Amino acid sequence: MSITLNDIHRDFGDFKLHMNLQAEKGELISLLGPSGCGKSTTLRIIAGFEEADSGSLFLEGKDLLSISPEKREIAMVFQDYALFPHMTVFDNIAYGPKIRKWSKEKIREEVNRFLKIVHLEGFADRKTEMLSGGEQQRVALARALITEPKLLLLDEPLSALDARLRKKLRREIRNIQRELEITTLYVTHDQEEALAISDKIALIDNGECIQFDTPQNLYRKPQHIFAAGFIGNANLIPVGNIDLKSMSAETEMGKFSVDYIREGSDEKFIFFRSDKCLIVRDDNPELSNMISGTVVDEEYTGSRKDLEIQVGNQIIRASVPEDSPVAVNDMVTLHIPEQHCRVL
Ligand code: ATP
C-alpha cells in the first residue's frame, strides 16, 4: 500500500514537525537524521499514538487521521522489542491472531509459517526472556507481520544489537520485506544502515525533510550542506564569485568547474567527497579542478588510505587506494572531476 503524508504539522513548543513524505507499495523508506529531529514522532503520528495538529495522511487513498490506531492496519516494531517476556515465542506471535479470533488451526499454520520466515523454527516453546537480542527482534518482527498489516513501521529496530548482528539482521529484514512486498518505514540515525537497505531515504533535520532521494543520489548529489555533511566524508570550500553561465566558482584554491549550483543567496561552498579525489601530476595541462598541498596525516583503513592534506589554511580530506605511494609530509596534487563537484 502507498502512504502519503501531506503537510503533517505537530507543535511541541520548542520543537516543530512539518513533514511531507511518500512511499509507494512495497518500498522501504528510511527516515534518517540526528537524535531529536522528529523521526519517531513521524512514525507515532502515522501509527496513531500521537496526534497531528494539521495535515493529511493517506494509506492507499484512505484517510488515516480519522481512523483509530487499532483500525489502521499498521504494525510497529520498536528498538526494545516490547515482547511479553513470560510468554512463549509461539504465544507472542499468536497474540494478534488470537485477538482477531482466528481458528486454532490457522493460528498454528501461520505461526509456523512466520517462524520459518524469521529463521526461528524450533523456538516455538521457548520463553522470550530466554532469547538473545537478535532472536527477540525476530520474534517481534514475526508478531508484527503475521496479521498482514498494510504498513510496517520499524523504529530503530537494530540499535540494541552489536555491529555484526545488526548487519546480518538488516539484510534479513530487507529480504523478508521484499518477499512480503510490505511497504515499510524504517527509522534510523545510522547513515550506513540507511544507505544499505533503503529504496529511498528521507533525510530529516529539525522536523523537516531536507532531501528525499535514492541512497545513490543522496551520496552523490546532496542538495544541501546538511545532506552533504550527514552522509559520507565531505569537503567544503568557501566560494567567492559564481559564474552560472560557465558553471564555475572561484575559491581561495582557484577556480572550480562544477556540475551543479544550488539556487539561493546565502553563503555557498564547493562540495566534493573525499573518495572522488584523484592524485595526479601537477604539470598536467589538460586537467582543471586541481589543488596542491602537503599531506599532514594519514589513516590506513585496509581498502583505502584516508589522507588529510593542508591546502592554504584548510584541511582537505582525500581517500585514495591503499597502495597509493604517498605519505605524511609529501606534496601532492589532487584533481576532482567536474561531475563530482557541486556548489551548495
Ligand atoms: P531519537 O533518534 O533520539 O529517537 P527522533 O528523531 O526520533 O530522536 P523524536 O523522538 O521524534 O526524535 O523527538 C523530536 C523532538 O520532539 C525532541 O526534541 C523531543 O524532545 C520532542 N518531543 C517528542 N515527543 C514529545 C512530547 N510528547 N511532548 C513534548 N516534546 C516532545
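Q: What makes strands 17, 21, 18, 19 and 20 one open sheet?
A: The five strands line up in the order 17-21-18-19-20, with antiparallel pairing. Strands here are DSSP runs of E with at least two residues, helices are runs of H or I with at least four, and both are numbered from the N terminus. Two strands count as a pair if DSSP finds at least two bridges between them. As for the source, this is a predicted model in which local features need pLDDT of at least 70, side-chain atom pairs count only at pLDDT 80 or more, and totals for chains, interfaces and linings use all residues. Residues are numbered from 1 along each chain as its sequence is written, and side-chain values use heavy atoms, with hydrogens and water left out.

Q: Why are strand 17 and strand 20 called edges?
A: Strand 17 (278–280) and strand 20 (314–321) each have a single partner strand, so one side of each has no neighbour in the sheet. From one strand to the next, the twist averages 50 degrees, with axes taken as lines fitted to C-alpha atoms (for helices over the stretch in contact) and angles running from 0 to 180 degrees between N-to-C directions.

Q: How do you know that strand 18 pairs with strand 19?
A: Count the bridges: six of them join strand 18 (residues 290–300) to strand 19 (residues 304–311), and the two run antiparallel. One example is Thr 294, whose bridge partner in strand 19 is Gln 310.

Q: What makes strand 16 and strand 22 a pair?
A: Two bridges link strand 16 (residues 269–273) and strand 22 (residues 342–343) in the antiparallel sense. Ile 270 has Val 343 in strand 22 as its bridge partner. Both strands belong to an open sheet of four, ordered 11-16-22-15, with mixed pairing. Strand 11 (234–238) and strand 15 (260–261) are the edge strands there, each pairing on one side only.

Q: Which strands does strand 9 pair with, and in what sense?
A: Strand 3 (residues 28–32) runs parallel to strand 9 (residues 200–205), joined by four bridges, and Ser 30 stands opposite Ile 201. Strand 10 (residues 208–213) runs antiparallel to strand 9, with five bridges, and there Ile 204 stands opposite Cys 209. Strands 9 and 10 form a hairpin with two residues between them, and Asn 206 in the turn has a positive phi of about 50 degrees.

Q: Which residues that are not glycine have a positive phi in loops between a helix and the next element?
A: His 119, among them, has a phi of about 60 degrees and sits in the loop between helix 4 (104–117) and helix 5 (133–145). Glu 181 has a positive phi of about 55 degrees, in the loop between helix 6 (163–180) and strand 8 (184–188).

Q: What makes a residue part of the ligand's surroundings?
A: One of its heavy atoms has to lie within 4 Å of the ligand. The residues around the ligand include Phe 12, Phe 15, Gly 36, Thr 41 and Glu 156. By class, the shell divides into four nonpolar, five polar and two charged residues.

Q: Why do Ser 35, Lys 39 and Ser 40 count as polar contacts of the ligand?
A: A polar contact is a pair of N or O atoms within 3.5 Å. Side-chain N or O atoms lie 2.6 Å from a ligand oxygen for Ser 35 and 2.8 Å for Ser 40. For Lys 39, a polar side-chain atom is 2.9 Å from a ligand oxygen. Alone, the ligand has 640 Å² of accessible area, and the protein covers 57% of it (Shrake-Rupley method, 1.4 Å probe).

Q: Where do the domains begin and end?
A: Domain 1 spans 3–220 and domain 2 spans 234–343, with bounds from an automatic or database domain assignment. Their C-alpha centres lie 40 Å apart.

Technical notes
A polar contact is a pair of N or O atoms within 3.5 Å; within protein, one must be able to donate a hydrogen and the other to accept it, and residues adjacent in sequence count only if both atoms are side-chain atoms. Ala, Val, Leu, Ile, Met, Phe, Trp, Tyr, Cys and Pro count as nonpolar, Asp, Glu, Lys and Arg as charged, and the others, Gly among them, as polar.
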